[in-house]
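Hi everyone, thanks for making time for this. I'd like to walk you through a structure that may be new to you, so please have a look at the screen.

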Amino acid sequence: MTSSRPRVVVIGLDSMPPSLAFELYADAMPCLSRMRQEGAFGALRSTDPPVTVPAWVTMTSGLLPERLGIYGFRNRRAGSYAMELASARSVAAPRLWDLASAAGLRSVVVSVPLTYPAASRRGLSMTTCFLTPGPESAWASPPELRAELEA
């Protein structure tokens, strides 16, 4: 029998020093503290360049920025010098939640950079990050999650 509890939880506390979440404000964030106590976590070294978008995509895919072709918030449009805002569509590699879904595991992804538009996968609940264009956008998946959060 499998539990309905998520097996993979990824929370995007972008630019927050770990000492704030795990020490100074740990008492103010009891759910985060409990997840740390009951799960696995650890320090991660950033990428080169140490920029939000390539760092998070590297952490969640296991591939380096040069392999992903993602170096910042904007990328060159293929075959031109025009720039476009990077999005989840820019990531061709599977990410942690894709692999978990393929293995039949449940995942929760909260505010991880470069997850807009929210992916729709079996067993995945996701809210996107600050790069989401606006409230009318596909910022949550599945649709029931969006409705619940908006209510």
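Let's start with Ala88. Is Ala88 buried or exposed, or something in between? Its relative accessibility is 22%, and buried would mean under 20% while exposed would mean over 50%, so Ala88 counts as partly exposed. Please keep in mind that this is a predicted model.

Where does Ala88 sit along the chain? You'll find Ala88 in a loop, the one that links strand 3 (83–85) with helix 5 (96–102). And which residues does Ala88 touch, once we set aside those up to four places away in sequence? The answer is Leu114, Thr115, Tyr116 and Pro117. For a sense of distance, take Met35: Ala88 and Met35 are separated by 53 residues in sequence, and their C-alpha atoms lie 26 Å apart in space.

Now let's step back to the whole chain. How many helices and strands does the chain have? There are 6 helices and 6 strands. Reading from the N terminus, the order is β-α-α-α-α-β-β-α-β-β-β-α. The radius of gyration is 16 Å, close to the 15 Å that the globule rule gives for 151 residues, so the chain is as compact as a globular protein of that length. If you draw a box around the C-alpha atoms along the principal axes, you get roughly 50 × 35 × 30 Å.

Next, a look at how the strands pair. Strand 4, residues 107–110, and strand 5, residues 124–127, run parallel, with 4 bridges between them. Strand 5 also pairs with strand 6, residues 140–141; here the sense is antiparallel and there are 2 bridges. A nice residue to follow is Met126 in strand 5, the bridge partner of Val109. Met126 also stands opposite Ser141 in strand 6.

What about the inside and the surface? Of the 151 residues in the chain, 36% are buried. Among contacts with a separation of 6 or more, 34% are between residues 24 or more positions apart. The chain exposes about 9,800 Å², and carbon and sulfur atoms supply 57% of that area.

Last, the charges. The chain has 15 positive and 12 negative charges, and the mean positions of the two groups are 6 Å apart.

If you take one residue home, let it be Ala88, partly exposed and in the loop between strand 3 and helix 5. Thanks for listening!

Definitions and conventions
Residues are numbered from 1 along each chain as its sequence is written. This is a predicted model: local features need pLDDT of at least 70, side-chain atom pairs count only at pLDDT 80 or more; totals for chains, interfaces and linings use all residues. Side-chain values use heavy atoms; hydrogens and water are left out. The radius of gyration is taken over C-alpha atoms; the globule rule is 2.2 Å times the number of residues to the power 0.38. Buried means under 20% relative accessible area, exposed over 50%, partly exposed in between (1.4 Å probe, protein chains only). Contact means heavy atoms within 4.5 Å. Accessible areas come from the Shrake-Rupley method with a 1.4 Å probe; for residues, only the protein chains shown count as cover. Lys and Arg count as positive and Asp and Glu as negative; His and the chain ends are not counted. The place of a charge is taken as NZ of Lys, CZ of Arg, CG of Asp or CD of Glu. Two strands pair if DSSP finds at least two bridges between them.
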